[in-house]
Amino acid sequence: SRRINLATKQRVLVTGAAGQIGGIIGNKLGYRYQLTGLDVVDHDYPTSHVADLSDLDALTPAFEGQEVVVHLGADPSPSAPWDSILQNNIIGTRNVYEAARLAGVQRVILASTNHVVGYYPMKQNPYKAIYDGRLSEVRRPFRLLDHTDIRPDSYYGVSKAFGESLVSYFHDAYGLSVICIRIGWVMTPDDPTFHPSALSLWLSHRDAAQVIQRSIEAPESVGYAIVHGMSKNALRIWAIESSKDIIGFEPDDGAKEDWSVQDGRGGATP
């Protein structure tokens, strides 16, 4: 299938450029694309804009001439209060889609989250047993969670489910190509061996860059899709195989099943 404008460097706008994944994109993919960054704070992208996602007029200049938008910007905390989620993750996400539509952007990539289905591992076995490290109680194989599952564990999870739904509307109504990545746990240090939930959720820095690259360069035939962004972990509870089928994502890394408690690193999911 023909890919989007690969004859020259694609113009890619990254919202939330000052964050952890924004830094990974800059470091690992900056050679490949013409990157522009957008955040509420200063950042070190070659071209950068500072604006609040809740202000559509302030966003608009950053979107001019862009081909792809990687939308990472959000309040990323599962414990964030409603007012922050409303402004940053709901109104802000709608503004990003609208600015992309108005600017003629070809594709938006949404950083969704495992928290869209977070109450499965918090409430229901075998997923909870895996997160708790009670592996002897897990009967395998079990049903892997897929793109049809929704069970948010927080306002944050709800906001990302909203983002998946709203961008489906933008695809159908306006023809915007959209790929939503349900991201697991990108962590620094890039080592998940401190807790079984981290072993399950881990998305390595290298694999984070790959899944975003694959999403940017996916064929035009991928109009709307939800894929999973996790490494090939032994304790995974996610149907990551579909990500290979849709965008060609094949993780290079994968966590095993051994962990040990480490000072300063908790067991809760991010």
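In this predicted model, strands β1 (residues 11-15) and β2 run parallel and are joined by five bridges. Within that pairing, Val12 has Leu35 of β2 as its bridge partner. Between the two strands the chain passes through helix α1 (residues 20-29), and the resulting β-α-β crossover is right-handed. Strand β2 spans residues 34-39, and five of its six residues are buried, so the rest of the structure largely encloses this strand.

On to the other neighbours. β2 also runs parallel to strand β3 (residues 47-50), with four bridges between them; here Thr36 has Thr47 of β3 as its bridge partner. β1, in turn, pairs with β4 in the parallel sense over four bridges, and β4 pairs with β5 in the parallel sense, again over four bridges. The chain gets from β4 to β5 by way of α3, in a β-α-β crossover that is right-handed.

The table gathers these parallel pairings for easy reference.

| Strand pair | Bridges | Paired residues |
|---|---|---|
| β1 and β2 | five bridges | Val12 and Leu35 |
| β2 and β3 | four bridges | Thr36 and Thr47 |
| β1 and β4 | four bridges | Val14 and Val70 |
| β4 and β5 | four bridges | Val69 and Val108 |

Strand β4 deserves a look of its own. Val68 and Val70 point one way from β4, Val69 and His71 point the other way, and all of them are buried.

Now to helix α2, where Leu59, Ala62 and Phe63 are buried. These residues lie on the same side of α2, because they cover an arc of only 95 degrees around the axis. The cover over the buried residues of α2 includes β1, β2, β3, β4 and α3 (82-103). Both ends of this helix have something to show. At its start, a side-chain oxygen of Asp55 comes to within 3.3 Å of the backbone nitrogen of Asp57. After α2 comes Gly65, which has a positive phi, near 80 degrees.

Then there is Gln66, which sits in the loop between α2 (56-63) and β4 (68-71). Is Gln66 buried or exposed? Its relative accessibility is 9%, below the 20% cut-off, so Gln66 counts as buried. The side chain of Gln66 reaches the backbone nitrogen of Leu13 at 3.4 Å. Leaving aside residues up to four places away in sequence, Gln66 touches Arg11, Val12, Leu13, Thr36 and Val105.

Finally, the cores. In soluble globular proteins, nonpolar side chains tend to be buried together. Here the largest nonpolar core has 31 residues, and those with the most contacts inside it are Val12, Val14, Ile25, Val70, Ile181, Ile212 and Ile216. At least two residues of this core come from each of β1, α1, β4, β5 (107-113), β6 (177-183), α8 (205-216) and β7 (224-229). Which element gives the most to this core? That is α8, with five residues. What does Ile212 touch? Not counting residues up to four places away in sequence, Ile212 touches Ile21, Ile25, Leu29, Val70, Ile109 and Ile181. A second core, separate from the largest one, has 25 residues, among them Ile130, Leu199, Trp202 and Leu235.

Definitions and conventions
Residues numbered from 1 in each chain as written. Predicted model: local features only at pLDDT ≥ 70, side-chain atom pairs only at ≥ 80, totals over all residues. Heavy atoms only, no water. Buried < 20%, exposed > 50% of the residue type's maximum accessible area, 1.4 Å probe, protein only. Pairing = 2+ DSSP bridges. Right-handed = clockwise from strand over helix to strand, strands pointing away. Polar contact = N/O pair within 3.5 Å; in protein donor to acceptor, adjacent residues only side chain to side chain. Contact = heavy atoms within 4.5 Å. Arc of directions from axis to C-beta. Core = buried A, V, L, I, M, F, W, Y, C linked by side-chain atoms within 4.5 Å.
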